[in-house]
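Trainee: I would like to go through this model with you, one question at a time, and I would like each answer to be reasoned out before the value is given.

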Amino acid sequence: MKLLSRLYIALIILFLYAPVAVMIVFSFNSSSSVWVMGGFSTRWYEGLVKNTVMLSALEHTLIIALLSAIISTVLGTAAAVGITAIRNRIAKKAVMSVTQIPMMNADIVTGISLMLLFIFFGKLIGLDESLGFATVLIAHITFNLPYVILSVIPRLRQTDAHLSEAAMDLGCTPVKAFFKVILPSISTGIVTGFIMAFTLSLDDFVISYFTCGHYQTLPIVIYNMTKKSVTPDTYALSTLIFITVFVLLILYNILQTKSEKKRTEIRRV
Amino acid sequence: MNKKAFGNKLVASPYIVWSAIFIVVPLIIMVYFSLTDQNGAFTLANISDIGKYKKAFGISILYAAVATLITLVLAYPMAYFMTKLNISSQRMLFMIVMIPMWMNFLIRTYSWITILANTGLINTFLSKLGLGPLRLINTPGAVILGMVYDFIPYMILPLYSVMSKLDKSLLEAAEDLGSDAFTKFRRVLFPLSKPGMISGITMVFVPSVSTFYISQKLGGNKTMLIGDTIEYFFNLGPTYYNIASAISLVLMVMILVCLFIMNRCGGNDEDGGVLM
């Protein structure tokens with residue numbers, strides 16, 4: 001049974017990584033085919049460095065991901081604090097239901113509805129081209145917000161409200177009590193929310209596709225590349241993305257294990 | 001919970017304004033576009049035209065349902081076996097499952113062309129054995145495979161998080177009371193893992209039923225899913241935005257109805273299920 005379960009896990013991992021392996025192997029192909037291996041070459045990687053369209057798209061993607069993650073984290077954390085303070089059950093339920101809409105809705109519906117909004121208001125104020133940097137940013141903040149809010153709210157629930165009361169009794173202003181007492185205890189939720197927002201934004205294709213206009217992000221450029229003939233340069237780019245994600249995740253994991261060790265040590269003391 | 005919450009509800013107001021403008025208003029505008037023609041005059045033509053796309057709706061639901069079922073069947077044992085490992089292997093596997101999720105899904109889908117194409121890896125291998133070539137790419141099977149592949153992490157991870165938090169003594173108790181493996185599964189594991197299944201099914205079904213990239217790349221031009229139909233009209237330009245919104249609106253209502261029924265059947269969870 002044990003052997004069988006190991007075998008099963010191995011097969012699923014094989015399934016998950018077979019296309020990734022194929023992609024890495026063919027990114028080093030010396031010929032421009034993605035079916036027949038010609039020989040080993042790094043020319044597709046060299047080509048990427050000179051590909052200005054791709055580089056500017058990468059820059060756009062990073063700017064959007066970082067800005068949208070920061071803004072949605074700040075706005076979302078404030079929202080989570082405010083929502084937990086709402087007493088009226090119906091009002092609370094209404095806000096939470098609206099919050100879940102972007103998570104429940106298909107990306108294509110969110111994308112189309114936001115695009116219509118931008119075009120509608122663009123026309124009202126007389127813009128010819130209403131889609132661009134601002135609209136992608138707004139779209140990304142909008143779909144990131146629920147993930148931030150839903151990762152902060154559980155932390156807030158676990159936080160003892162008496163702590164902030166105690167802080168205020170000891171002379172803190174409510175704002176100071178928030179930053180000194182509440183914020184540290186919900187920080188893991190905020191960090192998780194930020195990371196989720198950042199990665200969701202980095203990876204988003206569908207919503208950006210409908211809202212970006214000429215401000216192309218990396219997934220859009222990849223989409224346009226895969227529409228034309230198939231060459232290994234797309235594979236080279238994804239290999240680089242894969243390695244970056246892989247290294248970041250391993251680093252994150254190491255840091256997490258370390259901080260956990262520290263925490264258990266502190267507890268022991 | 002009678003704990004006094006900290007903070008003032010006013011700090012939520014920027015978000016409430018934001019969500020009103022960018023979540024609620026866009027949906028209202030979508031309804032407006034669905035019920036008007038390109039000149040802004042009221043019409044029901046878009047809605048009545050939906051009937052023309054019955055086939056696309058049907059195929060989308062069918063493919064997505066099959067893909068979701070396959071994903072569930074594949075992911076369930078995976079998640080269960082993961083919980084049987086020691087903690088550090090569990091954490092490592094969790095990451096291994098998650099990494100592909102953080103890669104661009106366009107490319108992950110695209111790589112399957114290399115594997116499945118008529119001159120691709122599988123057919124090259126088969127021809128060396130004197131077999132084949134099999135028609136793999138541009139088939140419904142390839143589209144469903146793409147859906148399963150792209151979204152299976154979204155099924156494994158919630159199932160795993162529910163199962164890893166499950167009280168092991170319940171399974172032991174069932175064993176002590178004489179349950180065989182199947183009864184243990186049916187009476188204990190299955191009902192307790194339901195919240196994970198519901199979020200997994202949601203997170204696989206919704207993107208599958210609305211996809212347009214997977215069907216374009218792996219299904220050729222023959223399979224027109226509902227996502228493809230929306231994208232097609234979107235690309236035709238502003239004249240077709242009305243019909244595109246009407247189809248999107250119907251898709252949205254359909255998904256919400258599906259989710260509602262599923263949540264009702266699965267017993268509503270107060271916290272809204274498991275996120276991850």
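Mentor: Let us begin with a loop residue, keeping in mind that this is a predicted model. B:Asn138 lies in the loop between helix 6 (121–128) and helix 7 (140–165) of chain B.

Trainee: What is the phi of B:Asn138, and what is notable about its sign?
Mentor: Most residues other than glycine have a negative phi. B:Asn138 is not a glycine, and yet its phi is positive, at about 60°.

Trainee: How does B:Asn138 count in terms of exposure?
Mentor: A residue is buried with 20 or more other C-beta atoms within 10 Å of its own, and exposed with 12 or fewer. B:Asn138 has 19 C-beta neighbours inside 10 Å, so it counts as partly exposed.

Trainee: Turning to the whole of chain B, which pattern does it follow along the sequence?
Mentor: Chain B has 13 helices and zero strands, and its C-alpha atoms fill a box of roughly 75 × 70 × 30 Å along the principal axes. Read along the sequence, the pattern of chain B is α-α-α-α-α-α-α-α-α-α-α-α-α.

Trainee: How many residues of helix 10 of chain B are buried?
Mentor: Helix 10 of chain B covers residues 194–209 and reaches 22 Å from its first C-alpha to its last, close to the 22 Å expected at 1.5 Å a residue. Across chain B, buried residues make up 42% of the 276 residues. Helix 10 of chain B is mostly covered, the number of buried residues among its 16 being 15.

Trainee: How are helix 10 of chain B and helix 13 of chain B oriented to each other, and why?
Mentor: The axes of helix 10 of chain B and helix 13 (residues 241–265) of chain B come within 11 Å and cross at roughly 165°. The crossing of these two helices of chain B is right-handed. Angles over 145 degrees count as roughly antiparallel, and helix 10 of chain B and helix 13 of chain B are therefore roughly antiparallel.

Trainee: Which residues of helix 13 of chain B meet helix 10 of chain B?
Mentor: By class, the contact of helix 10 of chain B with helix 13 of chain B has seven nonpolar, two polar and no charged residues. From helix 10 of chain B come B:Ile198, B:Ile201, B:Thr202, B:Val206 and B:Val209, and they meet, in helix 13 of chain B, B:Ile255, B:Leu259, B:Met262 and B:Asn263.

Trainee: Which helix of chain B gives the most to the side that touches chain A?
Mentor: In the contact between the chains, 70 residues of chain B face 67 residues of chain A. Several helices of chain B each supply at least two residues of that side, including helix 3 (54–83), helix 10 and helix 13. By class, the side of chain B that touches chain A has 50 nonpolar, 14 polar and six charged residues. With 15 residues, the helix of chain B that gives the most is helix 1.

Trainee: Which residues of chain B are in contact with A:Thr234?
Mentor: A:Thr234 is in helix 11 (residues 232–268) of chain A, and with 26 C-beta neighbours inside 10 Å it counts as buried. Leaving aside its neighbours within four places in sequence, A:Thr234 is in contact with A:Ile222, A:Met225 and A:Thr226, and in chain B with B:Ile107 and B:Tyr110.

Trainee: Is A:His162 buried or exposed?
Mentor: A:His162 is found in helix 7 (residues 161–169) of chain A. With 12 C-beta neighbours inside 10 Å, A:His162 counts as exposed.

Methods. Residues are numbered from 1 along each chain as its sequence is written. Chains are lettered from A and ligands numbered from 1 in the order in which they are written. This is a predicted model: local features need pLDDT of at least 70, side-chain atom pairs count only at pLDDT 80 or more; totals for chains, interfaces and linings use all residues. Helices (H or I, at least four residues) and strands (E, at least two) are DSSP runs, numbered from the N terminus. The expected span of a helix is 1.5 Å times one less than its number of residues. Axes are lines fitted to C-alpha atoms, for helices over the stretch in contact, and angles run from 0 to 180 degrees between N-to-C directions. Angles under 35 degrees count as roughly parallel, over 145 as roughly antiparallel, 65 to 115 as roughly perpendicular and the rest as oblique. A crossing is left-handed if the near helix is turned anticlockwise from the far one by less than a right angle, and right-handed if clockwise. Two residues are in contact if their C-beta atoms, placed from the backbone, lie within 7 Å. Ala, Val, Leu, Ile, Met, Phe, Trp, Tyr, Cys and Pro count as nonpolar, Asp, Glu, Lys and Arg as charged, and the others, Gly among them, as polar.
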